[in-house]
Amino acid sequence: MSQQLKLAATRGMQSAMSRYAAIPLRAIAGVGFLQHGYAKPNKNPEAFAAMLQSLHVPLPHLSAYLTIGIELVGGAALLLGAFLAWVSIPTIAVLLAAMFTVHLPYGFSSIKLKAIVDGRAQFGPPGYECDLLYIACILALVLLGPSPWSIDHFRLRERGV
């Protein structure tokens, strides 16, 4: 097989596979948002509102419930690939709010080993690294566009877009 044919075959395979690149990004970002959204009301939404109040977040109770809603609805939408361009705005806003109100003082790294106790690692508060990773995933999903096995793919295909 000539070099040009090999190169064309490789490009064709990469192109076919790149259509599926969004699927693992949707899975990790969607499940992550769902887990964070589920944990807050499961533990106590009032405790989350009190934390927001101590951070001087305006309207802490409303902000708490909006955050929980955005994390649950946004997480499901990310996971299913539904309305990603629209969902990206509130989900990134939640991440930026978390980054600037909670994580920024702790620096970049999300892993801060404090001690080893009884053979187990004890970690300090996380920095803003994970917030940036989630933002990068969401932006990549928007830029990649609808992928196979996503609601947006089927929704836009039916409209001929």
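Student: What follows α2, and what is its phi like?

Tutor: N44 comes right after α2, and its phi is positive, near 155 degrees. Keep in mind that this is a predicted model.

Student: How do I check the span of helix α2 against its number of residues?

Tutor: Count residues and allow 1.5 Å for each. Helix α2 runs over residues 22-43, so its 22 residues should span 32 Å, and the end C-alpha atoms sit 31 Å apart, which agrees.

Student: Which residues of α2 are buried, and what covers them?

Tutor: Start with the general idea: an α-helix makes a turn every 3.6 residues, so residues three or four places apart point the same way. In α2, the buried residues are A22, R26, A29, G30, G32, F33, G37, A39 and K40. Their cover includes α3 (45-54), α4, α5 (84-103) and α6 (129-144).

Student: Where does E71 lie, and is it buried or exposed?

Tutor: E71 is in helix α4, which takes in residues 60-80. Its relative accessible area is 8%, so E71 counts as buried, the cut-off being under 20%.

Student: What does the side chain of E71 pair up with?

Tutor: Look at α2 again. The side chains of E71 and K40 are joined by a polar contact of 2.8 Å. A polar atom of the E71 side chain also lies 3.3 Å from the backbone nitrogen of G37. Setting aside neighbours within four places in sequence, E71 is in contact with F33, L34, H36, G37, K40 and V94.

Student: Now for pockets. How much space lies in the largest pocket, and which residues lie nearest its centre?

Tutor: The general trick is to roll a probe the size of a water molecule over the atoms, which shows where empty space is left. Here the largest pocket holds about 900 Å³. It has 33 lining residues, and K40, F48, E71, A98 and H103 lie nearest the centre. So K40 and E71 turn up again, the pair with the 2.8 Å polar contact.

Student: Which elements supply that lining, and how does it divide by residue type?

Tutor: α2, α3, α4, α5 and α6 each supply at least two residues, with α5 giving the most, nine. By type, the lining of the largest pocket has 19 nonpolar, ten polar and four charged residues.

Student: What about the second largest pocket?

Tutor: That one has about 150 Å³ of space. Its lining includes F83, W86, P146, D152 and R155. Two or more lining residues come from each of α5, α6 and α7 (151-158). The split is eight nonpolar, one polar and two charged.

Methods:
Residues numbered from 1 in each chain as written. Predicted model: local features only at pLDDT ≥ 70, side-chain atom pairs only at ≥ 80, totals over all residues. Heavy atoms only, no water. Helix = DSSP H or I, 4+ residues; strand = E, 2+ residues; numbered from the N terminus. Buried < 20%, exposed > 50% of the residue type's maximum accessible area, 1.4 Å probe, protein only. Polar contact = N/O pair within 3.5 Å; in protein donor to acceptor, adjacent residues only side chain to side chain. Contact = heavy atoms within 4.5 Å. Expected span 1.5 Å × (residues − 1). 1 Å grid on protein atoms, 1.4 Å probe; cavity = no way out; pocket = protein on both sides within 12 Å on 5 of 7 lines; lining within 4 Å. Points joined across faces, edges and corners; volume = space filled by probe spheres on them. Nonpolar A, V, L, I, M, F, W, Y, C, P; charged D, E, K, R; others polar.
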